[in-house]
Amino acid sequence: MSAIVQPETNPEEIVHEAEETVELLGRVREAVGRVIYGQDVVVERALTTLLSGGHGLVVGVPGLAKTKLVDTLGTVLGLEARRIQFTPDLMPSDILGAEVLEESGEGKRAFRFIQGPIFAQLLMADEINRASPRTQSALLQAMQEQHVTIAGQRHDLPQPFHVLATQNPLEQEGTYPLPEAQLDRFLMQIDIAYPGLEAERRMLMETTGAREAKTEAVVNAEQLIKIQALVRRMPVGEGVVEAILKLVRSVRPGESASALADRLSWGPGPRASQALMLTVRARALLDGRLAPSLDDVEALAMPILQHRMAVTFAARAEGITVQDVIRGAMGEAL
């Protein structure tokens, strides 16, 4: 299997950096695992999202440690983390910040920009679908452009900048579901399920005693940025590239000869292919490998694609879900 390597990339340099990074990422996973129990796949996907330089949409019922996960990741990765609880009355200025008029001791007046909570390296947007579309758009625009504009002045966000937004899949009353174009801004949808028996047993014993497990920083922001740059330089085999293209194009209505495409009202765009190309590299590095495989594509197809497509009314009437279509497409493409 031939590999695609950027012309300016030195393979020996990549190998050396990757070997050092693999050891570092092993310590990161170990540190997170001391606090987050029984959610290995969730932790892997969250770390993959951050190593890819993207944003994640975390979906799960209350009480599954979504907030704890973000707080722990912020500590372990050495990032400044903040949290915003989204409510229907939240305004864009509550997130982005605003200019205030100040008067100096000499009586001179001037406007001063006060930064909002979005000026963090890791932001948790808790229950993002409870805010109005206007507030959602303000956040998602900043996610895409990496800066905010207040009163005509541009203010750059800290680097790295990542958003992990949460949604509750149960309560839909009083919520504003994210539009398709805004969902596409999230690199990955991370579904959190209930923990297994042994994980929950350990959780009971570890979190209800006099002492609770703590974690500490393993890397810092500068190291994370270097790892993200390394991910983009990793080689990808032709077979993996072809599998990504075949998979994504097979779930686009009107573009695929597959019967699966007839079940879809809309499908993923090129951003989905880009997301898969980045995340398969990050997952391979996180797993201690120097190049991604078809197993990485299979593992990440669901979280990358499921929020970027929708089935038709007829398909829903037959009980067919987006997940069913993706599984079928994976069977054909992989």
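**Around helix α10**

Helices α2 and α10 are oblique to each other, because their angle falls outside the ranges for roughly parallel, antiparallel or perpendicular. This is a predicted model. The two axes cross at roughly 120° and come within 9 Å. Here α2 covers residues 40-51, and α10 covers residues 270-286. Their crossing is right-handed.

Which residues make the contact? From α2 come Glu 44, Leu 47, Thr 48 and Leu 51. From α10 come Thr 279, Ala 282, Arg 283 and Leu 286. By type, the contact residues are four nonpolar, two polar and two charged.

Now stay on α10 and find Arg 281. Is Arg 281 buried or exposed? Its relative accessibility is 12%. Buried means under 20%, so Arg 281 counts as buried. Leaving out residues up to four places away in sequence, Arg 281 touches Val 231, Arg 232, Met 234, Val 236 and Pro 292.

Next comes the nonpolar core. The largest one has 72 residues. Helix α10 gives the largest share of this core, eight residues. Leu 285 is one of the residues with the most contacts inside the core. Others in that group include Val 28, Leu 73, Leu 247 and Leu 305.

What does Leu 285 touch? Again leaving out residues up to four places away in sequence, its partners are Ala 18, Thr 21, Val 22, Leu 25, Ile 227, Leu 230, Val 231 and Met 234. Val 231 and Met 234 also appear among the contacts of Arg 281. Apart from the largest core lies another, of 28 residues. Among them are Ala 125, Ala 131, Ala 138 and Met 143.

Methods:
Residues numbered from 1 in each chain as written. Predicted model: local features only at pLDDT ≥ 70, side-chain atom pairs only at ≥ 80, totals over all residues. Heavy atoms only, no water. Helix = DSSP H or I, 4+ residues; strand = E, 2+ residues; numbered from the N terminus. Buried < 20%, exposed > 50% of the residue type's maximum accessible area, 1.4 Å probe, protein only. Contact = heavy atoms within 4.5 Å. Core = buried A, V, L, I, M, F, W, Y, C linked by side-chain atoms within 4.5 Å. Axes fitted to C-alpha atoms, helices over the stretch in contact; angles between N-to-C directions. Parallel < 35°, antiparallel > 145°, perpendicular 65-115°, else oblique. Left-handed = near helix turned anticlockwise from the far one by under 90°. Nonpolar A, V, L, I, M, F, W, Y, C, P; charged D, E, K, R; others polar.
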